[in-house]
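Student: I would like a close look at one part of this model, the aromatic pairs and the helix that carries some of their rings. Could you take me through that part carefully, and then place it beside other elements of the chain?

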Amino acid sequence: MASRMTTEEALRESEAFHRMLTDGMTDFVRLHDTAGHSVYASPSLATLYPYLPDSMFEFAATVEDASAGAAWWADLLAGGSELLTWRVRDREGRIRWMETRGSIVQYRGAPHVLTVCRDVTERHDAEETRKAIVAFLEGMDRVNRAIQGSNDLERMTHELLDTLRELFDADWTALFYPCAPDAERYRVTMLQAAQAGEAAAFRRVTLRATPDIAAMMGLACEADKPICLGPECDQPLPELGIAPGTTSLVVRAVHPKGETRWLLVMGFHRSTRGLSVQKARLFEESTRRLADGLAVLSTLQSLRDSESRMDEAARIAQVGYWENDLETDRITWSAETYRILGLVAGEHRPSRADFVARIHPEDRMIQASATASAQRGEGRYDVQYRIVRPSGEVRTVHSVGNVIHDSTGLARRAFGVVQDITERTHAERAAGENLSLLNAIVEGTADAIFVKDLAGRYLLMNGAGEASRGVPRQEILGKDDAELFPADIARAIMERDRSILATGDAQTFEETLTSPAGTRTFVTAKSVFRDAAGSIIGLVGISSDVTELKQLEEQFRQAQKMEAVGRLAGGVAHDFNNLLTVINASSAMLLEDLPTGDSSRELLSEIREAGDRAATLTRQLLAFSRKQVLQPRIMDINVLLAQLIKLLERLIGEDVTFVLRRSEAHALTEIDPGQFEQAIINLAVNARDAMPLGGTLTIESQVVVLPPDSTDRLPEVEPGRHVVISVGDTGQGMTESIRARIFEPFFTTKGPGEGTGLGLAMVYGFIKQSGGHIEVTSEVGQGSTFRIYLPLASEEGVAEAPTVASARRPAGNETILLVEDEEAVRRLANRVLQASGYTVLEARNGDEAIALARTYAGRIHMLVSDLVMPGMRGRELASILAQMRPSLRVLIMSGYTEHAALRSTGPDSSVTFLQKPFSPSELTQKVREVLDAEGARDPGSAQP
């Protein structure tokens with residue numbers, strides 16, 4: 001009773017501890033059955049949803065998210081992907097992004113799905129914002145290049161319209177001139193999307209005014225923003241007659257300084273409700289830059305047409321003329337100069353004092369110094385400064401002029417021009433800020449970013465690229481790959497670069513590079529970059545280091561492969577054990593009955609020995625598949641290794657030197673001692689075989705503490721205190737390909753008939769089943785070392801050495817209910833038990849057993865049942881019969897079990913397990929052990 005109370009208290013403490021963990025997590029933990037119904041949800045889920053959902057995807061944000069979730073669920077149940085990113089609606093109806101990891105677990109004897117959900121909305125939004133900023137900067141860069149790349153109005157228009165069509169995914173773009181509702185006709189410059197195999201069509205069209213076009217012009221002139229026209233927009237679609245198939249338009253009036261307005265039109269062969277916030281911002285900035293470009297290029301074109309229009313060109317370009325007679329101090333300003341200074345021509349005579357008053361106080365010394373220097377003949381007058389208009393508005397101007405001196409060197413007259421460069425200054429400042437932002441992005445990313453010229457020399461390398469190469473970027477820039485990498489790697493890189501430069505096509509590929517930083521694997525994307533004229537002038541690349549990801553993928557694939565083979569091996573071993581139970585037990589009973597000297601004894605002994613060898617093979621299969629029944633106890637590894645010394649010395653032979661080093665501290669861990677000894681023997685025999693000419697076998701135990709960062713090298717081992725057992729040899733060693741397959745079942749490097757290929761697979765399965773980890777390091781000609789990591793246990797409950805079971809078959813007179821679906825096993829067990837004096841009631845399955853228990857009038861002392869049967873499992877049957885007959889003792893048989901509850905055979909366990917195949921004496925001893933265990937009722941008790 002005290003033992004059971006202790007166990008119950010431990011269970012309550014464990015339950016409280018796990019509840020504390022799940023209640024305190026910010027992630028959401030949920031358990032579902034395979035149909036998706038909720039079995040458990042952490043309380044933190046209530047902070048997300050208005051109520052706890054019954055199914056996994058009840059609050060999916062869209063049908064697409066629900067469909068994606070269902071597909072992921074099916075894939076997960078089939079052993080596929082563990083990660084799903086999807087959207088949900090929270091208790092306020094907002095859409096949240098969730099990252100869900102799932103895994104298959106066993107819960108109450110059935111597979112369930114355990115999921116851990118994390119709210120990644122902020123991370124997702126931040127990434128979308130970053131992408132939007134980068135897209136905006138890239139878009140503006142393309143617009144600027146189109147506008148500034150030419151001093152010809154027609155060429156600039158062509159390139160800009162093509163750029164805008166690509167940026168906004170329009171089917172055609174056009175510039176209407178003028179943007180005036182009362183115009184009689186309009187000049188249209190238009191570019192349509194390219195058809196398959198054709199170039200984009202660039203053409204000019206003249207349209208006569210129509211009510212539809214006039215209405216579109218009026219709307220654009222009145223609005224200071226883009227306007228959407230079409231079925232789903234606020235305004236109807238006008239009939240233009242120049243682009244059949246158009247279903248919606250986005251238009252914007254463009255206001256070049258000093259110019260008649262233009263109209264920018266984007267046409268779509270699909271419905272649209274307008275532009276997104278980011279697209280609208282890009283469109284607004286594009287039209288402003290277009291206005292500036294149209295203004296400048298129109299001015300230049302006017303200057304080419306006629307020098308007589310100088311004044312008009314100056315006005316359009318915002319350039320004012322000034323002249324100063326230094327003898328009389330008379331100043332002359334053009335009309336544009338008055339406008340720049342914020343003054344009205346003719347209202348007063350300009351004076352130097354009036355001009356100085358307009359200069360920003362902080363810049364007066366700059367302008368005065370430039371004036372004095374020019375008047376002394378020390379150079380041309382060229383200065384930039386700020387002026388303050390009467391309204392208080394601050395503008396930036398650039399003034400250039402000359403000073404005329406007389407023969408004595410005295411300054412007589414000064415003249416020049418002044419230009420309002422406020423917008424340009426702001427644009428340059430904004431460009432500088434954008435460049436700083438772009439530089440921060442390039443330097444802040446964890447991916448290597450680099451730029452090469454046509455000769456393959458590095459022009460740019462960010463910090464991540466510098467770290468990946470293991471060389472300071474000053475030693476990278478100006479060099480090509482032949483100077484930075486081994487010849488074969490450099491040759492492959494340069495051949496790919498030449499292919500990309502020749503075709504102009506972007507490529508994404510995986511490459512492995514060896515540099516001073518080591519050998520790393522990258523996923524690299526490369527493409528060409530062009531100048532303003534569209535010519536290829538170099539190559540840009542982005543490389544993501546996926547070395548650790550590739551290692552994890554390989555480990556995951558290996559684990560999946562081992563798990564699949566393990567399931568097959570476990571199933572085969574389970575069925576084979578039923579056959580071996582009949583073969584071995586029957587031969588043992590016949591051997592017991594035959595007199596000494598009988599000629600049949602030799603044949604029966606051969607059958608029994610063959611059966612024992614087959615049983616050993618099935619134990620290896622079960623060990624590999626992690627489905628053997630272990631009897632773990634807290635043992636000192638040092639003691640177990642000491643007990644193995646003599647046996648190991650005999651096994652390895654005289655030509656191999658055996659060295660044993662044991663840790664000074666107690667190396668305690670919870671493990672099945674017999675299986676551990678078998679694992680060490682397997683490793684020692686393999687080491688001996690790897691040293692045919694002799695060598696040294698070293699077995700060492702250590703107690704180590706693994707720090708948190710050890711998961712980078714040992715991802716399957718939890719940080720903390722561990723016992724490490726190393727088995728090393730000085731033999732032939734292994735190649736990397738052999739080392740990668742060393743734990744695969746049936747894989748062996750030995751010759752035919754020299755090995756089954758199950759030894760190391762058994763060791764691997766046993767260590768994993770015991771909660772540990774095994775790894776191997778090896779080099780050809782340098783030997784191999786196997787390291788086993790087992791969690792360190794406390795010194796409480798250290799077990800004594802196991803005792804050898806008696807071979808006799810104890811008898812009894814109790815009544816036993818035998819339940820076994822395999823007829824041959826059932827007949828054999830019945831025969832053995834009856835021969836030992838027991839009364840046996842037979843049943844083929846759980847239903848028959850329950851019926852017998854209801855109708856049998858006498859006492860049933862014990863249930864002996866198979867674990868896995870059609871319809872009802874042995875544990876479920878035992879629970880039902882315990883309600884009907886509380887004094888019933890239980891013995892469960894099986895070829896393997898995945899139930900942790902059946903691994904205990906101590907006195908505080910209500911269920912004892914018997915591993916198949918078993919001998920007649922093992923069956924009767926186990927039955928007697930269960931019946932005679934402490935707490936068993938008096939056989940004469942009247943209670944049924």
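Tutor: This is a predicted model, and a search of the whole structure finds 13 aromatic pairs in it. In one of these, the rings of Phe-57 and Trp-72 have centres 6.4 Å apart and planes at 90°, so the pair is edge-to-face, an angle over 60 degrees being what that class requires. The pair links distant parts of the chain, since Phe-57 sits in the loop between strand 2 (38-41) and helix 2 (63-77), while Trp-72 belongs to helix 2, 15 residues apart. Phe-57 is buried, with a relative accessible area of 16%, and Trp-72 is buried as well, its relative accessible area being 5%.

Phe-57 also pairs with Trp-73: here the ring centres are 6.5 Å apart and the planes stand at 85°, so this pair too is edge-to-face. Because Phe-57 lies in the loop between strand 2 and helix 2 and Trp-73 lies in helix 2, the pair ties together parts that are 16 residues apart in sequence. Both Phe-57 and Trp-73 are buried. Ring pairs join Phe-57, Trp-72, Trp-73 and Trp-86 into a cluster.

Turning to the helix itself, helix 2 has 15 residues and spans 21 Å from its first C-alpha to its last, close to the 21 Å expected at 1.5 Å a residue. Its buried residues include Trp-72 and Trp-73 of the ring cluster, together with Asp-65, Gly-69 and Leu-76. These residues cover an arc of only 105° around the axis, which puts them on the same side of helix 2. The general background is that an α-helix has 3.6 residues a turn, so residues three or four places apart point the same way. On the other side of helix 2, Val-63 and Glu-64 are exposed. The buried residues of helix 2 pack against strand 1 (28-33), strand 3 (83-89), strand 4 (95-107) and strand 5 (110-119). Just after helix 2, Gly-79 takes a positive phi of about 90°.

Helix 10 (residues 364-375) can be read in a similar order. Helix 10 has twelve residues and reaches 17 Å from its first C-alpha to its last, close to the 16 Å expected at 1.5 Å a residue. Gln-367, Ala-370, Thr-371 and Ala-374 are buried in helix 10, and they cover an arc of only 100° around the axis, which puts them on the same side of helix 10. The partners against which the buried residues of helix 10 pack are helix 9 (352-358), strand 14 (381-388) and strand 15 (394-405). Gly-377, whose phi is positive and near 80°, follows helix 10.

A further helix packs on a sheet that deserves its own description. This open sheet of six strands has the order 8-7-6-11-10-9, with antiparallel pairing, and its edge strands, each pairing on one side only, are strand 8 (201-208) and strand 9 (227-229). On average, and with direction ignored, neighbouring strands of this sheet are turned by 20° against each other. Helix 5 (residues 211-222) packs on the sheet, touching strand 6, strand 7, strand 8, strand 9, strand 10 (248-254) and strand 11 (262-268), and its direction makes about 155° with that of strand 9. Within the sheet, strand 6 (residues 172-177) and strand 7 (residues 185-192) pair in the antiparallel sense over six bridges, and Leu-175 has Thr-189 in strand 7 as its bridge partner.

Key:
Residues are numbered from 1 along each chain as its sequence is written. This is a predicted model: local features need pLDDT of at least 70, side-chain atom pairs count only at pLDDT 80 or more; totals for chains, interfaces and linings use all residues. Side-chain values use heavy atoms; hydrogens and water are left out. Two strands pair if DSSP finds at least two bridges between them. Helices (H or I, at least four residues) and strands (E, at least two) are DSSP runs, numbered from the N terminus. Axes are lines fitted to C-alpha atoms, for helices over the stretch in contact, and angles run from 0 to 180 degrees between N-to-C directions. Contact means heavy atoms within 4.5 Å. The expected span of a helix is 1.5 Å times one less than its number of residues. Buried means under 20% relative accessible area, exposed over 50%, partly exposed in between (1.4 Å probe, protein chains only). The arc is that of the directions from the helix axis to the C-beta atoms. Rings of Phe, Tyr and Trp (its six-membered ring) pair if their centres lie within 6.5 Å; planes under 30 degrees apart count as stacked, over 60 as edge-to-face and the rest as tilted.
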